[in-house]
Amino acid sequence: MDIVASLFKNIRCSNCNEQLKLVAKRRKCKICKFIFCAKCSIKEVPAHLGFMYARRYCYRCYINIKLMKEPDSHNSIHEEEENNSYEILGDKPEDGVKVIAEAAGFPTEEIENNRQSIIEAMDALVKGVKPLPSRRSVDRVLNQRVQLIEDDPNNHYKTIRKIGEGGSGSIFLVEHLETHGNFAMKRIRIKNPKQKNQILNEINCTILSQNPNVVTYYESYLFDEFIWIIVEVMKTSLTELVMDRWGMIPEHLMAYILKEALTGLVNLHHEHRIHRDIKSDNILISWDGKIKLSDFGYAAQLTTEEDKRTTVVGTPCWMAPELIIGSKYDTKVDIWSLGIVALEVAERDPPFLKENPLRALYMISNAPSPALKKPEEWSDEYVDFVSLCLIKDPDRRPSSDELMTHPFIQSAPNDAGSLFCEYFQEWAMKRKK
Ligand SMILES: Nc1ncnc2c1ncn2[C@@H]1O[C@H](COP(=O)(O)OP(=O)(O)OP(=O)(O)O)[C@@H](O)[C@H]1O
């Protein structure tokens with residue numbers, strides 16, 4: 001809409017009033033919606049302001065965000081910018097959070113009741129959604145990163161036992177001969193060049209996606225028709241916890257699990273990367289109760305040249321309808337899959353698990369969205385969270401950023417990490433016996 005508007009109307013920079021003819025030469029502030037020319041917004045403001053970060057805020061709104069975060073250290077900017085800022089935002093300068101939240105359309109009551117969540121959401125926005133990278137820049141980064149060590153991994157690691165089996169290979173618990181540290185080693189046989197590229201893609205995406213909610217990558221070996229990927233060893237997968245639990249996982253711990261998985265997705269989606277195989281098997285739990293995403297075998301990087309995907313990949317029961325029907329899709333497919341994980345955590349199995357995969361795919365794209373079987377047993381927030389993730393129309397389905405502010409995700413208590421750790425260790429000990 002903006003692009004069409006800017007092509008057919010005489011749009012002027014909100015700051016210097018210069019007429020903007022080229023779409024690429026103007027920027028629209030996420031908060032006040034004013035349009036600035038790129039030249040003017042950079043020239044006029046100090047280097048650390050302007051459309052820095054994700055190039056989504058004009059310098060005035062950005063100053064307000066800075067004020068909100070660090071009121072003491074920015075007093076001088078506050079005084080200097082006071083009039084200008086609020087001329088644009090149309091409010092009094094006492095409360096930066098309120099001004100920005102109102103400009104973003106939050107009702108007053110919600111701003112008062114959910115102030116902390118709004119601050120967190122703003123914080124996430126300030127961290128920024130990066131502009132799409134070009135295919136060339138992605139390839140350049142990847143070429144620099146991937147290094148396959150051409151040596152026998154057995155010269156460096158001792159295999160202790162097998163801990164997992166996937167469609168592409170086996171996973172072993174190994175000990176590093178020098179440091180005696182334990183790691184997980186995924187061994188994949190190279191069947192053909194196409195599959196080798198897929199494995200390289202998995203390694204690339206794992207490396208590029210490193211964050212506290214993604215399993216840590218260490219190194220990879222190429223030896224004897226196999227590629228060996230060394231990553232952090234985790235205790236178990238969410239599937240095992242869900243299948244083997246005693247009774248229900250308390251809802252506040254479910255909120256913690258889903259919040260951590262969602263945080264991993266937020267980081268991926270900010271980089272315009274899609275996981276495409278989110279399911280409980282690929283959400284792993286460490287001994288100290290950390291929740292991390294793994295298995296980037298199907299992950300894809302969106303670029304300026306390819307900002308949507310059409311390839312049909314994933315695991316049937318977790319696949320989003322738009323992906324199944326071959327439409328163009330983006331990061332929202334991961335949100336659908338997370339909704340299915342939310343159902344798994346509550347009900348053990350994803351919908352249509354007992355169906356033949358083809359029937360499951362048909363049902364996902366043709367039947368109404370799946371939902372909790374007994375909604376009365378769950379909080380309204382949980383039921384709502386699941387139903388939002390499972391909205392069939394991806395344009396109406398919330399993004400990972402938006403879901404971070406959802407009341408269910410926010411209901412995870414501050415000490416949820418240690419509460420979950422206690423719960424999980426007790427579960428692991430009982431399971432051993
Ligand atoms: N780092 C790890 N630490 C502990 N266990 C792991 C680790 N990575 C994987 N596993 C176990 O191995 C299983 C299979 O791993 P993974 O999903 O990476 O294999 P895959 O061949 O890609 O599987 P898929 O069939 O899902 O594509 C996981 O579900 C998990 O139980």
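This is a short tour of one structure, to be followed step by step in a viewer.

**The whole chain.** Begin with everything displayed, and keep in mind throughout that the model is predicted. If you switch to a cartoon view, the protein chain shows 18 helices and 15 strands, and of its 433 residues, 47% count as buried. Among the contacts with a separation of 6 or more, 61% are between residues 24 or more positions apart.

**The ligand.** Next, select the ligand together with the residues around it, of which there are 19. Which of them come nearest to the ligand? They are Gly-167, Ser-168, Lys-186, Glu-232 and Asp-295. With side chains displayed, look at Ser-168, where an N or O atom of the side chain is 2.6 Å from an oxygen atom of the ligand. At Lys-186, the corresponding distance from a side-chain N or O atom to an oxygen atom of the ligand is 2.8 Å, and at Lys-279 it is 3.2 Å.

**Gly-166.** Now select Gly-166, which you will find in the loop that runs between β6 (157–165) and β7 (170–176). Is Gly-166 buried or partly exposed? Its relative accessible area is 34%, so Gly-166 is partly exposed. Then add Lys-186, already visited beside the ligand, and draw a line from C-alpha to C-alpha: Gly-166 and Lys-186 are 9.4 Å apart in space, while in sequence they are 20 residues apart.

**Thr-239.** Move on to helix α10 (residues 238–243) and pick out Thr-239, which is found there. Why does Thr-239 count as buried? Its relative accessibility is 17%, and because buried means under 20%, Thr-239 belongs in that class. If residues up to four places away in sequence are set aside, Thr-239 touches Ser-280 and Asp-281, so both can be added to the selection to see what lies against it.

**The cavity.** Finally, turn to the empty space inside the protein. Rolling a probe the size of a water molecule over the atoms shows where such space is left. The structure holds 1 cavity of 30 Å³ or more, and the largest cavity has a volume of about 60 Å³. To bring its lining into view, select Arg-276, Asp-277, Ile-278, Gly-314, Thr-315, Trp-318, Met-319, Ala-320, Leu-323, Val-333, Asp-334 and Ser-337. Colouring these residues by type would give 6 nonpolar, 3 polar and 3 charged. Helix α13 (residues 332–347) supplies the largest share of this lining, namely 3 residues.

Methods. Residues numbered from 1 in each chain as written. Predicted model: local features only at pLDDT ≥ 70, side-chain atom pairs only at ≥ 80, totals over all residues. Heavy atoms only, no water. 1 Å grid on protein atoms, 1.4 Å probe; cavity = no way out; pocket = protein on both sides within 12 Å on 5 of 7 lines; lining within 4 Å. Points joined across faces, edges and corners; volume = space filled by probe spheres on them. Helix = DSSP H or I, 4+ residues; strand = E, 2+ residues; numbered from the N terminus. Nonpolar A, V, L, I, M, F, W, Y, C, P; charged D, E, K, R; others polar. Buried < 20%, exposed > 50% of the residue type's maximum accessible area, 1.4 Å probe, protein only. Contact = heavy atoms within 4.5 Å. Near = heavy atom within 4 Å. Polar contact = N/O pair within 3.5 Å; in protein donor to acceptor, adjacent residues only side chain to side chain.
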